[in-house]
Each structure stands twice: as structure tokens, then as C-alpha cells.
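Please open the model in a viewer and follow the selections below in order. The tour begins with strand pairing and ends with aromatic rings.

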Amino acid sequence: MKDVLIILDTSLSVEAYFERNMKPFLKELVTDKDLHVSKFGTQIALMIFSGEKKTKVLLKFGKIYDADKLAQFIEKLKWDDIKGGFTRTDIAFQIASDKVFTKNNPGNNRPGVPDVVVIITDGDPYAGNIDNVLEKTMANASVIKEKGIQIVGAAVGNEAMRAKLRPKLEAMATSAEFVVEADFKDIKTIRSMLISKTCTPPVERCVCRSTTSKTYLIKPGQSKATATWPVPQYSCGARTRETTMVEPNVQSPHAFPRGDHIIKYTFKFEGGVDVVCPVTIIVKGKMCGEKAFDSCKQDCCCGTIHDHMPGFKCCGPKYYNPADYKCCDYAHLVSSQKSCPIY
């Protein structure tokens with residue numbers, strides 16, 4: 001018996017699979033007898049997330065107790081009503097913490113009944129030109145976990161997408177063991193695993209007490225940015241820590257290329273208890289080939305950086321003055337007074 005908040009990704013990338021795969025999966029999930037959906041069994045709330053305005057709770061706890069009626073509610077969902085741009089996972093977790101599970105577990109919908117968040121998504125947190133969405137997502141997920149609330153994640157989509165998403169989803173979830181994955185066409189295969197993770201009783205409350213998210217900018221002429229971060233802090237009662245694993249095996253300070261990097265600290269305690277604390281490093285920069293450049297002072301020509309000159313243009317990797325030269329096929333420069341050679 002749990003109070004389960006399902007957070008469903010309804011960004012545009014899900015559209016092709018919603019009616020054919022996602023909706024049948026959700027109906028079979030809530031009617032599965034192992035989940036025991038009923039007034040005195042497991043209760044379900046449903047939230048959707050995409051863009052900021054479309055991220056909201058569709059079904060509150062206590063509105064529908066019957067599993068078949070819950071399936072009917074899901075069947076009536078119309079894609080045009082729930083779809084949205086972007087993937088505001090950060091806002092979804094914020095709403096879950098601020099409006100759904102406002103108290104520490106298990107003091108929310110039904111005091112004494114454990115609270116669980118199940119997030120089903122096919123992509124990284126994303127909000128266009130808005131910065132730090134991944135950082136906010138991790139921070140908001142940590143707030144939920146610090147309340148003692150279990151987070152279970154399901155990564156759905158093609159293999160390449162899942163490989164990119166899974167490390168981030170593992171950092172959001174209670175631990176890596178609480179993440180499942182499948183292609184959209186095979187999503188039914190994870191139903192039993194998802195129920196099993198949802199119904200797994202939480203171990204002694206061992207949580208991260210600090211999370212780190214930092215953004216760095218690669219300096220012009222360099223290919224990486226050097227990041228520093230503290231070792232995450234945790235609490236796990238009187239248990240004795242046995243080992244610490246860091247994936248990837250890096251230490252602060254460390255130079256990272258452009259992209260999102262999650263350093264996962266796993267603190268292993270006696271009794272088989274793990275505490276997983278993520279450190280999120282986001283590295284940005286305008287790249288020219290393998291190096292960053294200053295677009296206000298420099299121009300990039302096919303991977304070669306040149307100091308900006310008024311009126312100059314690129315010809316392949318070369319940089320030229322159109323008043324003196326013309327650019328021909330194969331990045332060949334000839335005098336502006338001559339004709340381009342015929343190859």
C-alpha cells in the first residue's frame with residue numbers, strides 16, 4: 001500500500017508513441033493486481049510535464065480510488081490537451097514537493113502510508129534558452145528525497161537516448177537500483193519491474209545532505225573548463241561506511257569538455273545500504289572545432305579561429321578580404337581580378 005504520484009513526460013517527442021504505447025501501458029499499470037489500486041490499497045495521483053504552463057497535476061490523490069475508473073480516466077486523455085514543448089523536469093519535481101508531498105514521508109495524503117514518486121520520461125531536462133535546468137532538477141529531486149520520499153525512474157525511448165538519460169535519471173532517483181528502462185515499443189516489459197520498485201519498502205533513511213550543481217564556461221582557445229566541487233555530505237544514522245565509489249573516477253579539480261557531466265558518489269554502508277549523491281557539472285562554450293572562441297572578437301572558419309576583421313569572410317578554414325580575393329571551389333582563394341579555376 002503506497003501513495004504513488006506518477007509524473008508523466010508529455011513533451012512533443014512522446015507524441016508518436018502516446019496513443020499506441022504509453023496510454024495502454026499506463027492503463028495496464030494502474031489495473032495490475034500487484035499494485036493493488038483501491039481506496040484502502042495503493043492510491044494514485046497523476047502529473048504531466050512539458051513546458052512550464054503545461055506542467056501540472058491532472059489527478060489529485062483521493063479523486064479516483066477504483067482501478068478500472070482510473071484506467072478510463074487515462075483513456076480519455078487527449079494528446080492535444082496535454083502536449084507541450086520542452087521538458088521541465090525541474091518544475092515537475094518542484095510541484096511534487098511544494099504542492100503534493102509537502103511534508104516528510106509518510107505524513108502527506110494518508111499519514112502513515114509511504115509516499116512514492118514515479119517519473120516516466122524520454123529525455124533530459126530541457127527549457128530552450130533557460131539556464132541551469134538540469135541543476136534545478138537535481139536540486140528539486142534532492143528536496144523530495146530528503147523528505148524520505150522514494151523516487152522511481154523509467155527511461156523510455158531508443159537505445160541512444162536511454163544511454164544518455166539513464167545516468168541523470170539514476171542521480172534523480174532514490175538510487176540506481178530504482179531506475180528501469182525500455183524502448184517505447186517494449187514499454188510493457190517494464191510494468192512488473194516498475195511495480196516491484198514502487199512497492200519495495202525504503203531502507204533506513206540514509207540521504208544526501210548536500211548536492212552540488214555548477215556551471216562553467218570554456219575560455220577562448222581552450223577545449224575544456226576546470227571544475228571544482230566538494231565531496232557530498234550524507235547522513236545514515238549510526239551505520240558504518242564501508243567503501244566509497246566515484247563514477248566516473250575523477251577528483252576535484254578536473255577539466256571537462258562541453259556538456260553535462262554527472263559525478264556519482266556512492267557511499268556503501270554495512271547492511272547493504274547505499275547512499276548515492278550526484279554532483280552536476282555543466283560546461284558551456286561556443287566551440288570552433290575542438291576549441292572555444294569569443295564570437296564577439298573572433299570568427300570561426302571550418303574549425304579554424306581568426307581574429308575578427310570587418311568585412312572579412314570565410315573560405316573553408318581560410319579568412320579573406322573580399323576586396324582582394326574571391327573564394328572558389330575547394331576553398332581556393334584567387335585574386336578578385338581573376339576567374340576561379342575550372343576543376
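Begin with E8 and strand E14 (residues 273–284), which pair in the parallel sense over six bridges in this predicted model. At one position of this pairing, Leu217 stands opposite Lys284 in E14.

Next, widen the selection to the whole sheet. This open sheet has four strands in the order E8-E14-E13-E11, and their pairing is mixed. Its edges are strand E8 (212–217) and strand E11 (241–247), each of which pairs on one side only. From one strand to the next, the twist averages 15°.

Add helix H6 (residues 159–172), which packs on the sheet and touches E13 and E14. The direction of H6 makes about 45° with that of E13.

Now turn to the aromatic side chains. The model holds nine aromatic pairs. Select Tyr234 and Phe269: their ring centres are 5.3 Å apart and their planes stand at 70°, so the pair is edge-to-face. Tyr234 belongs to strand E10 (residues 234–235) and Phe269 to strand E13 (residues 259–269), so the pair ties together parts that are 35 residues apart in sequence. Phe269 is buried, at 3% relative accessible area, whereas Tyr234 is partly exposed, at 27% relative accessibility. Extend the selection to Tyr265 and Phe267; ring pairs link these two residues with Tyr234 and Phe269 into a cluster.

Finally, select Phe312 and Tyr319. Their ring centres are 5.3 Å apart and their planes lie at 45°, so this pair is tilted. Phe312 is partly exposed at 25% relative accessibility, while Tyr319 counts as buried at 15%.

Methods. Residues numbered from 1 in each chain as written. Predicted model: local features only at pLDDT ≥ 70, side-chain atom pairs only at ≥ 80, totals over all residues. Heavy atoms only, no water. Phe/Tyr/Trp six-rings, centres within 6.5 Å; stacked < 30°, edge-to-face > 60°. Helix = DSSP H or I, 4+ residues; strand = E, 2+ residues; numbered from the N terminus. Buried < 20%, exposed > 50% of the residue type's maximum accessible area, 1.4 Å probe, protein only. Pairing = 2+ DSSP bridges. Axes fitted to C-alpha atoms, helices over the stretch in contact; angles between N-to-C directions. Contact = heavy atoms within 4.5 Å.
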